Amino acid sequence: MGMAIVLFHLVKRFGSQLISYRILLSIVTLVFALVYLPKPFHLIGLILYLYACLGGLRKWYEGQNIIFPMLLLALPMLFMKYFSIVSFTDDNWWKNTPGIFQITGISYMVFRAIGLYIDERSKPGKINFIDFFNFASFVPTLLIGPLDRFHRFTNDVKNGYQNMTSALTYQGWNNLLMGLLYKFILAEAIHRLVLVHLIDDGSLVYHMSYMYTYLLYLYFDFAGYSLLAIAFGNFIGIHVPINFDKPFLAVNPKEFWKKWHKSLGDWLNDYFFKPLFMHFTKKKWGTSIRRQNSALFLTFALMGFWNGFELHYIISGMLFGVYSVIHNYYFYQCKKQKRDVVFGKLNERWIRIISIVIMFHAVAFAIYIFSGKLF
Amino acid sequence: MNSLLKHKLAFELTAFLASLGFIVIALFFIFSRLEKDQSEKQIITLHVNNPSPDRGLVPNYTNGLSSEMMLMSSLSRKDQLTLFGSSEFSSNTNSSYIYLPEKLGIPAMGFGHAFHQNFSIYCELLAGKEYLKDSKIVIFLSPGWFETEGTNSEAFLEFVPPHFLEKIWMDESISTDYKLEIGRFIARNAEKFSNLTLRMQAFKTLYESECEFNQAAKLRTKLDKNYPVFNKGNKIKYSVEGGAKIQHRTFPNFRKLQTEAQTIFLNASANNTLYVDSLYFNEFVLQPNGAIKTGSVKPIDKENSAEYKDFLLLLKLLKDKEVNCSFVIQGLNPYYYTNLEEINPIVRSIVNELKKSEFPYLNMFTYRKADYQPGSLNDIMHLGDLGWLQVNEFIYNTYLR
Amino acid sequence: MENYLIDKIEEISFTRVEKNDSLWESRIMDSITIVELAVEIEEEFGINIPFEEIVVENFETVDLLMAFITKKQSE
Amino acid sequence: MKKWFYKFLVYTTLIIGYLFLYVLNVEEFIYDQKDIQVKSTVDFVYQQF
């Protein structure tokens with residue numbers, strides 16, 4: 001990683017006329033994949049599949065309905081998630097197929113491809129393969145995000161060398177420090193000093209302490225990783241979008257998803273919730289509030305399925321759905337009746353504090369389900 | 001832009017250097033305080049309630065403090081017998097640690113199970129060094145031990161718990177030579193442990209430094225600081241309580257009891273001519289095809305036997321500390337083993353060493369069928385009722401007449 | 001058109017709205033109500049709004065919204 | 001100044017965390033039971049010699 005950054009800066013200084021930024025990025029990505037990733041050719045195969053699907057869809061698919069394109073693009077990922085829960089006992093030819101779909105970063109690449117398809121579908125012109133390759137397999141964000149947008153990312157790549165300013169590098173340095181602190185110090189300390197030493201005696205105290213410790217661990221580990229990804233992006237002139245922003249200060253589920261894994265929340269909102277809810281609204285199914293709630297619930301249930309087809313992921317996704325539904329119903333009633341239906345005339349600051357406390361515990365519980373400790 | 005960058009660089013650098021400086025000063029401060037604490041001797045006293053039973057068997061010390069305390073209190077009680085042995089410590093009612101307290105009212109505790117060999121006994125005695133004076137100790141030797149490569153790593157972990165290692169390390173009255181032996185053992189078996197604890201590492205480093213630079217004593221003080229486990233205290237002390245004395249009741253007629261035991265055994269082993277308990281014979285000796293299994297032993301070269309070296313080491317410690325110790329050399333069944341004369345030399349060497357050191361011993365080993373007393377072993381190698389009664393008689397004669 | 005839009009926004013968001021209010025910034029509209037508004041507009045003006053165009057840039061103020069509708073109608 | 005102090009704190013935590021977690025392996029002397037977790041690689045079977 002460090003070598004790549006140095007390389008980018010050297011080329012910027014001495015060879016920016018010889019080789020364009022996007023080609024350089026592709027080469028570096030390719031070398032990285034070949035040297036460090038366990039299955040580089042699977043990865044390239046997946047990118048070719050996604051690119052071919054995108055091209056085909058743009059050329060021949062005229063419909064406005066996005067279900068077919070989404071399923072087509074998500075097919076490899078669905079296989080992967082499915083194969084991870086079934087076990088193959090009988091000896092037949094497809095015994096070894098699951099391995100083909102276990103590719104590093106497959107989920108995020110599929111998500112990027114779907115986002116790209118929807119964003120660009122009304123715009124004419126061909127999508128350049130190099131651009132697509134760079135976007136889909138951008139190394140810092142390959143594994144666990146954040147999810148970027150094609151248009152934004154390609155713009156950054158276009159101005160790659162100009163973007164590599166000292167200001168952005170400094171921003172990257174700050175992100176790097178925080179990322180190291182979160183992932184390698186705080187998350188590591190929580191994991192090594194607390195989490196693995198909790199003694200499972202089956203008591204409520206154990207499960208409670210595991211719940212909060214795991215939440216903190218997950219946050220610092222995940223947010224730290226995101227920060228590191230952002231930092232490495234920044235060092236080579238890419239403004240990777242932020243993913244975490246003090247999520248435990250969120251007062252409601254809606255705000256929480258703007259602060260916790262924001263790029264996934266936005267993705268789900270833009271490409272799943274919005275079309276789904278629009279479809280419901282056009283069909284005039286039930287009342288407005290019922291439509292809102294069903295769309296919300298389904299979105300979060302999908303998120304659960306996306307994490308994996310295991311029961312604990314699905315239940316935890318649905319739980320987040322239920323939180324959002326409850327909050328949305330409350331919010332709707334407040335607006336309709338023009339008063340706070342739960343807190344009444346309570347001091348604004350107190351409402352805020354109470355909301356934060358409730359939200360934190362609700363999240364802790366859902367993440368605890370997510371951890372798979374309970375079932 | 002450039003001035004902005006300079007400003008930010010200065011900002012980062014000062015923050016970094018300030019924190020570095022802060023940490024260095026803090027560490028310096030903490031270490032200087034630690035140094036002071038070191039000079040004040042600190043004694044950690046380990047204590048458990050009611051640690052002084054007068055009978056029973058402790059198979060190993062993995063139960064933590066309470067099992068360690070059993071050993072220490074047994075060693076510290078001068079009226080009590082402390083028995084170290086291995087696989088013969090089963091639940092035979094005539095086992096010394098059962099028979100002596102129950103029938104004769106003499107407190108006795110057994111320590112060990114299979115694989116409890118010379119080296120772990122050596123470490124246990126070192127850990128209990130301050131209680132050794134006048135302790136009554138009986139060590140049960142098995143000829144089979146000397147065929148092994150010495151105490152194995154698992155047995156070491158079971159019989160030499162962290163407290164023992166720490167106690168040995170901290171005890172300045174134990175000479176470095178004794179400690180080096182533990183380091184030698186750990187170094188030799190290093191790859192047989194999944195990883196070494198800091199304490200084990202310290203012993204190993206001590207040994208290796210002695211091998212290379214011949215300066216273990218100097219290094220020790222340094223190691224004390226390098227291995228923070230030892231910084232918790234300078235000394236470990238077990239707080240032991242003496243229990244009530246039991247008076248022995250009668251002088252038993254061992255001759256008569258032994259004759260009775262032999263008669264019972266001959267009936268119980270009637271299905272074979274090897275003088276092996278019938279049930280054992282059917283299960284282990286008789287082959288499915290009707291053939292009778294025999295055993296053989298490997299000749300032991302005492303110069304190269306790790307176990308024999310461990311035995312000499314143990315003997316040296318016992319002599320050094322003037323322990324009131326005696327030995328039982330157990331036999332093997334010459335009807336089952338066909339070439340016992342092969343290990344007769346090493347048994348003779350053991351006996352010679354014991355004679356030289358003037359420790360009382362009972363030698364039950366013989367390679368001649370004619371000298372073998374049927375019933376002294378229940379099977380091919382474990383003491384039977386007759387054997388235990390002979391041992392009990394020996395202990396009684398040694399310590400109580 | 002302007003009056004219709006303001007009426008609809010007020011109906012959906014249960015809030016009083018002025019012509020120059022920034023709908024998103026001041027939290028009058030959110031990701032849910034913005035979709036409801038878009039569907040109402042589709043029906044009223046007979047245009048088709050792909051969901052990916054329901055974004056803040058097009059819906060931030062009543063003025064922007066009017067420009068967007070006009071553009072869509074002319075397509 | 002506030003920002004500077006924040007940065008100072010970040011650096012300090014990073015350095016101390018690094019020392020404790022990666023140089024000293026602090027859990028080894030916080031959790032004493034680690035000694036018991038050491039396993040022998042020799043299979044221990046209660047067999048007769």
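How much area do chain A and chain C bury between them? About 2,000 Å², with 60% of it on carbon and sulfur atoms. Keep in mind as you click around that this is a predicted model.

**Stop one: the A–C contact.** Select chains A and C and show the residues that touch. You should pick up 26 residues from chain A and 21 residues from chain C. Now highlight A:Lys274, A:Met278 and A:Lys335: these supply 30% of the area that chain A buries against chain C, more than any other three residues.

**Stop two: bridges and polar pairs.** Stay at the interface of chain A and chain C, where there are four salt bridges. For one of them, zoom in on C:Glu42 and A:Lys282, whose closest N and O atoms are 3.4 Å apart. Eight residue pairs are in polar contact across this interface, counting those with both residues at pLDDT 80 or more.

**Stop three: the chain A side.** Colour α14 (262-283), α15 (288-307) and α16 (311-337) of chain A, the elements that each give two or more residues to the side touching chain C. Of these, α14(A) gives the most, with ten residues. Recolour that side of chain A by residue class and you get ten nonpolar, seven polar and nine charged.

**Last stop: a loop in chain B.** Jump to B:Thr338, in the loop between β7 (324-329) and α13 (344-357) of chain B. Leaving out neighbours within four places in sequence, B:Thr338 is in contact with B:Thr294, B:Gly295 and B:Ser296. Then select B:Arg368 as well: B:Thr338 and B:Arg368 sit 30 residues apart in sequence and 10.0 Å apart in space, C-alpha to C-alpha.

Terms used. Residues numbered from 1 in each chain as written. Chains lettered and ligands numbered in written order. Predicted model: local features only at pLDDT ≥ 70, side-chain atom pairs only at ≥ 80, totals over all residues. Heavy atoms only, no water. Contact = heavy atoms within 4.5 Å. Buried area = accessible area lost by both parts, 1.4 Å probe. Salt bridge = Lys/Arg side-chain N within 4 Å of Asp/Glu carboxyl O. Polar contact = N/O pair within 3.5 Å; in protein donor to acceptor, adjacent residues only side chain to side chain. Helix = DSSP H or I, 4+ residues; strand = E, 2+ residues; numbered from the N terminus. Nonpolar A, V, L, I, M, F, W, Y, C, P; charged D, E, K, R; others polar.
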